[in-house]
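Trainee: Got a minute to look at a model with me? I'd like to go over how its helices pack.
Mentor: Yes, put it up.

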Amino acid sequence: MKQILHIISSPRVEVSASRKLGNSVVEKIQQKYPDSIVKERDLTKKPVPLLEEVHINTFFSPAESHSTEQQSINTYSENLISELHEADIIVIDSPMYNFSVPATLRAYFDFTSRAGYTFKYDENGPKGLLNNKKLYIAFTSGNIYSEGPYQIYDSNVPYIKNIFGFYGVSDIIVFRAEGLAIPGIMESSLEKAIESIVID
Ligand SMILES: Cc1cc2nc3c(=O)[nH]c(=O)nc-3n(C[C@H](O)[C@H](O)[C@H](O)COP(=O)(O)O)c2cc1C
């Protein structure tokens with residue numbers, strides 16, 4: 001039995017390419033592990049707030065000192081992090097927005113990147129605390145970033161890999177539907193990406 005966490009970040013619903021690709025990844029995982037349980041974290045339905053001073057003060061102070069407001073901020077952040085710890089497999093829909101991730105996803109990382117929860121520091125430096133997990137990234141973009149002159153513009157896939165690598169997740173597979181704005185490529189890119197999905 002596998003616990004799957006599906007993180008969704010496109011504000012578009014019906015026409016969203018990243019949701020289609022991410023849903024296909026989840027379906028293929030379910031085919032491989034029929035008794036798996038899927039939990040959805042749709043960041044567009046209930047967006048994680050942008051970081052304010054009260055959030056930072058909460059994350060960097062002991063729980064005993066928290067005000068009522070800080071207690072609920074801490075619980076909210078801890079719940080997001082618990083979902084990550086509980087998952088065996090994480091699927092993240094990651095459309096490219098302005099060369100990076102949607103702001104909702106960035107806000108999510110601000111609430112889940114916490115010392116003692118997803119990473120820690122010891123005498124050897126940082127150490128990730130999410131162990132034995134697999135991450136699938138469902139990446140979609142108008143242009144092409146896996147090769148060619150725009151490769152260095154990609155602050156999406158390398159960023160997600162860095163964050164999850166920092167959390168301790170090293171088993172990362174990327175499925176890409178690129179060129180969704182390029183005539184001649186856009187017509188078949190998503191279909192090809194979906195066909196390429198293999199769950200090992
Ligand atoms: C607000 C916005 C910003 C975008 N920025 C980029 C970009 O910087 N580079 C790119 O190649 N495509 C860009 N695109 C195209 C999207 O990456 C592409 O349409 C992708 O499929 C979006 O995923 P979605 O359909 O799940 O929302 C952008 C699209 C939107 C709506």
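Trainee: Which residues of H4 and H5 meet?
Mentor: Leu105, Arg106, Phe109 and Thr112 in H4 meet Tyr159, Ile160, Ile163, Phe164 and Tyr167 in H5. Contact means heavy atoms within 4.5 Å, and helices (H or I, at least four residues) and strands (E, at least two) are DSSP runs numbered from the N terminus.

Trainee: What classes are they?
Mentor: The H4 contact with H5 has 7 nonpolar, 1 polar and 1 charged residues. Ala, Val, Leu, Ile, Met, Phe, Trp, Tyr, Cys and Pro count as nonpolar, Asp, Glu, Lys and Arg as charged, and the others, Gly among them, as polar.

Trainee: Can I trust the side chains here?
Mentor: This is a predicted model, where local features need pLDDT of at least 70 and side-chain atom pairs count only at pLDDT 80 or more, while totals for chains, interfaces and linings use all residues. Residues are numbered from 1 along each chain as its sequence is written, and side-chain values use heavy atoms, leaving out hydrogens and water.

Trainee: Back to H4, then. Why is it called largely enclosed?
Mentor: Because 7 of its 10 residues (H4 is residues 103-112) are buried, meaning under 20% relative accessible area, with exposed over 50% and partly exposed in between (1.4 Å probe, protein chains only). Among the buried ones are Leu105, Tyr108 and Phe111.

Trainee: What covers them?
Mentor: The cover includes strands E1 (3-8), E2 (37-42) and E3 (89-95), and helices H2 (53-59), H3 (68-86) and H5 (157-167).
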